[in-house]
Structures are given as C-alpha cells and as structure tokens.
Amino acid sequence: MARFRQKHNTILDFGLGTGGLVLFVLLVSVLCPICSEDEETVSHVFCLCPVAVSIWELVLRWLHLTSNFGTGPEDVFQWVDGARMTGDKKKMLEVIVCTTMWALWRFRNDKLHDARLLRKDTLFDFIQDVSFCWFNSRQSKYRIAWVDWLKNPFLFCNL
Ligand SMILES: [Zn+2]
C-alpha cells in the first residue's frame, strides 16, 4: 500500500489487488474537522483546537480551578491525578474531565459525519448536564442538587 500526502491536506491511499490492479483509492482529510486550521491529532482535538481551549477555559472557570494542561490528554490526566483533593472530590473532577473529553470527541464526530447533534454554543451546557447525571448516578450515599452543580459542584460537595 502506498500513501501520499496531497494538496488540500488529504491523504491518498492505494494498493494492488491480487490481480495486480489498483484495488482502492481512499481520500482522507488530515485537517481537524472542527476548526480546519491544523492537522488533526489526539492532542489537537482534546487540548489544542480553539474549541477545546475555549471549552476547557469554561470548565476551569466553572470549577474555580486553574491549570496548564500542556499539549495532550496525558497532561490532563496527570493534572487530575496530581490534584490535591479528597478522594470523593477527585472522583467528581474525574467525572467532569472525562465528560469533557467525551463531549469534545462526540462534537468532533458530529462535525465529521455532519450529524450536527451537538452545537458549539451548547457544548459547555451539555458537559454540565451529562456530568451531573453521571456523577449522581455513581453516588448512592450523596447527591448534589442541580442548582448547586451549576454554581460550582466543589463548593457544595460534602464528601
Ligand atoms: Zn481544530
């Protein structure tokens, strides 16, 4: 199989079949489907894409936290692991961070497949909503109220 980078940021793959003929041609865009400004990599989608940067800023502001995530998801998970919080508050942070990552991935897939189920202007609301449901469904001994979750879940967490 051969692969050539084309103009317009596409990759052309082709190979030979058993009869020696060209079997397939596949055009794959390597640009981020969200911003179309840079090559799509794991780091770009989850941390460096302008949409990801703005979403992480909203999440950190919501939680009254600061962080320099670095350049990739590994840095985000290292930050979570190193966060100085009690075990249960850290679980809350894990749920919110994982929800944010999942929402960014889903947003990317929606853009790529033209599903348009998630909109950029409602992505942060979606993260708050889903993380609230996931956190409360994981907790049998403690539940946080929706209105408190929206303000800052850490302020109302008695864990
Ligand atoms: Zn991007």
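Let's start at valine 130, which is partly exposed because 18 other C-beta atoms lie within 10 Å (20 or more would make a residue buried, 12 or fewer exposed, with C-beta atoms placed from the backbone). Keep in mind that this is a predicted model, where local features need pLDDT of at least 70, side-chain atom pairs count only at pLDDT 80 or more, and totals for chains, interfaces and linings use all residues. Residues are numbered from 1 along each chain as its sequence is written.

Valine 130 sits in helix H5 (helices are DSSP runs of H or I, at least four residues, numbered from the N terminus). Leaving aside residues up to four places away in sequence, valine 130 touches Thr99 and Ala103, a contact being two C-beta atoms, placed from the backbone, within 7 Å. Threonine 99 is 31 residues from valine 130 in sequence, yet their C-alpha atoms are 7.0 Å apart.

Now zoom out to the helix pair. Met92, Val95, Ile96, Thr99, Thr100, Ala103 and Phe107 in H4 meet a set of H5 residues, including Phe126, Val130 and Trp134. Sorted by class, this contact has 11 nonpolar, three polar and one charged residues (Ala, Val, Leu, Ile, Met, Phe, Trp, Tyr, Cys and Pro count as nonpolar, Asp, Glu, Lys and Arg as charged, the others, Gly among them, as polar).

What about the core? The largest nonpolar core has 22 residues, with Ile96 and Leu104 among those with the most contacts inside it (such a core is a set of buried Ala, Val, Leu, Ile, Met, Phe, Trp, Tyr and Cys residues joined through C-beta atoms within 7 Å). Helices H1, H2, H4 and H5 each give two or more residues to this core, and H4 gives the most, with seven.
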